[in-house]
Amino acid sequence: MATNSSNGNHQTTTKQPPMPSPLRFSKFFQPNMRILVTGGAGFIGSHLVDRLMENEKNEVIVADNYFTGSKDNLKKWIGHPRFELIRHDVTEPLFVEVDQIYHLACPASPIFYKYNPVKTIKTNVIGTLNMLGLAKRVGARILLTSTSEVYGDPLVHPQPESYWGNVNPIGVRSCYDEGKRVAETLMFDYHRQHGLEIRIARIFNTYGPRMNIDDGRVVSNFIAQALRDEPLTVQSPGTQTRSFCYVSDLVDGLIRLMGGSNTGPINLGNPGEFTMTELAETVKELINPNLHIKTVENTPDDPQQRKPDITKAKELLGWEPKVKLRNGLPLMEEDFRLRLGVEKIKSS
Ligand SMILES: NC(=O)c1ccc[n+]([C@@H]2O[C@H](COP(=O)([O-])OP(=O)(O)OC[C@H]3O[C@@H](n4cnc5c(N)ncnc54)[C@H](O)[C@@H]3O)[C@@H](O)[C@H]2O)c1
């Protein structure tokens with residue numbers, strides 16, 4: 001079991017952070033916080049943008065290549081004077097003058113990240129290098145959205161940040177899992193070597209409105225199946241567990257982490273643990289009690305259990321999730337109904 005106390009909880013930097021670029025003080029400088037969100041057209045990114053835009057002192061720039069994201073998710077901000085949308089692939093360098101970078105760009109669903117694994121690893125490695133280069137040039141603070149997948153199929157339960165993980169380096173999911181692990185390494189090397197201000201969030205399964213409908217993630221799958229009157233397909237054995245965090249809670253955690261003084265890595269997720277069969281039963285009960293539940297074959301390297309230890313997030317960020325699964329699922333159902341054009345049958 002690989003656990004270790006040196007898990008990168010640096011309060012202080014080993015070097016002074018780089019000075020912000022002098023351009024920041026040019027005559028065009030506005031006294032706002034200018035924030036770059038890579039992957040801001042995606043599920044979590046677009047909810048983060050909504051929250052950041054609520055603060056009238058923020059200017060927000062989104063850089064996204066629309067691989068899994070969509071302009072639709074940001075349509076209410078397009079044309080807003082404090083908002084800018086750039087079609088950009090993070091595997092290419094980006095030159096913008098910003099104070100903070102939320103680096104989310106990376107497909108999160110297995111269907112999409114396995115579609116072009118070489119591109120996925122490039123996005124994680126070259127994309128993160130490019131964003132770290134940008135942060136270094138302009139003296140910006142950078143937050144990486146890492147993942148619970150860095151723990152692989154964990155041998156420690158629940159997973160604290162000090163656990164080093166149990167990851168297959170050559171499997172079909174490795175482009176994502178190992179890609180994120182290298183991204184974390186790069187973040188800490190820039191921190192130690194160049195004094196960059198870094199923040200790392202290890203996100204556990206998150207759900208909510210604007211998830212891609214057919215993206216193979218279990219909550220979106222079940223809700224779409226329930227609304228289409230299809231059987232809920234539970235991957236065998238059905239006893240594997242996951243924890244589900246509602247997106248507004250997650251965004252709150254990301255903003256606290258960026259604003260706080262701890263580098264992380266910090267787990268952000270909901271410790272409520274459900275087996276896949278329990279999740280299917282809950283969706284059935286809340287959305288469509290007539291559904292059948294069907295067991296199907298599992299995908300390789302699917303972790304058997306996942307549950308975050310959020311002691312650090314509680315202590316260091318004063319954060320814990322508030323939205324219960326039973327309250328979050330109906331909000332997501334509403335969004336999926338609108339997008340699928342399925343009306344709710346009113347009970348008489
Ligand atoms: N949703 C979850 O449960 C979860 C869990 C753990 C970690 N995360 C992490 O959070 C981040 C956001 O996840 P999400 O669920 O919103 O996924 P998503 O797929 O909805 O969003 C990812 C966004 O990144 C963009 N993107 C992908 N590759 C890019 C590239 N090369 N250049 C520019 N843009 C690119 C996509 O178009 C999309 O808008 C990801 O880094 C993901 O790894 C998510």
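This report walks through the ligand shell, a set of parallel strands, one helix and a few unusual backbone spots in a predicted model.

## Around the ligand

Let's begin with the ligand. The shell around it holds 28 residues, and those that come nearest are Gly39, Gly42, Thr68, Gly69 and Ala108. By character, the shell divides into 12 nonpolar, 14 polar and 2 charged residues.

Which elements supply at least two residues of this shell? They are helix H1 (43-54), helix H3 (117-138) and strand S5 (141-147). H1 gives the most, with 3 residues.

## Strands S1, S2 and S3

Strand S2 (residues 58-64) has a partner on either hand in this account: S1 and S3. Strand S1 (residues 33-38) pairs with S2 in the parallel sense, over 6 bridges. Within that pairing, Leu36 has Ile61 of S2 as its bridge partner. Between the two strands the chain passes through H1, and this β-α-β crossover from S1 to S2 is right-handed. H1 is thus worth a second look, as it also gives the most residues to the ligand shell.

Strand S3 (residues 83-87) runs parallel to S2, and 5 bridges join them. Here Val62 stands opposite Leu85 in S3. Is S2 itself enclosed or open? Of its 7 residues, 5 are buried, so S2 is largely enclosed by the rest of the structure.

## Helix H6 and its buried side

Helix H6 covers residues 247-259, which makes 13 residues. At 1.5 Å a residue it should span 18 Å, and its end C-alpha atoms are indeed 18 Å apart, so the expected and modelled spans agree.

The buried residues in H6 include Val247, Leu250, Val251, Gly253, Leu254 and Leu257. Where do they sit around the axis? They cover an arc of only 160°, which puts them on the same side of H6. The general rule behind such a pattern is that an α-helix has 3.6 residues a turn, so residues three or four places apart point the same way.

## Two cis peptide bonds

Now for the backbone. As background, most residues other than glycine have a negative phi, and most peptide bonds are trans. Against that background, the peptide bond from His157 to Pro158 is cis, with omega near -10°. Pro158 lies in the loop between S5 and helix H4 (174-194).

Gln159 is found in the loop between S5 and H4 too. Gln159 is buried, because 25 other C-beta atoms lie within 10 Å, and the cut-off for buried is 20 or more. Gln159 and Ala224 are 65 residues apart in sequence, and their C-alpha atoms are 30 Å apart in space.

Another cis peptide bond joins Ser236 and Pro237, with omega about 5°. Pro237 has its place in the loop between strand S8 (232-235) and strand S9 (241-243).

## Two positive phi values

Arg210 is not a glycine, yet its phi is positive, near 80°. You will find Arg210 in the loop between strand S7 (206-207) and helix H5 (218-227). With 22 other C-beta atoms within 10 Å, Arg210 is buried.

Asp229 also has a positive phi, about 65°, although it is not a glycine. Asp229 sits in the loop between H5 and S8. Is Asp229 buried or exposed? Asp229 counts as exposed, because it has 10 C-beta neighbours inside 10 Å, and the cut-off for exposed is 12 or fewer.

Note on methods
Residues numbered from 1 in each chain as written. Predicted model: local features only at pLDDT ≥ 70, side-chain atom pairs only at ≥ 80, totals over all residues. Helix = DSSP H or I, 4+ residues; strand = E, 2+ residues; numbered from the N terminus. Expected span 1.5 Å × (residues − 1). Arc of directions from axis to C-beta. Near = placed C-beta within 6 Å. Nonpolar A, V, L, I, M, F, W, Y, C, P; charged D, E, K, R; others polar. Pairing = 2+ DSSP bridges. Right-handed = clockwise from strand over helix to strand, strands pointing away.
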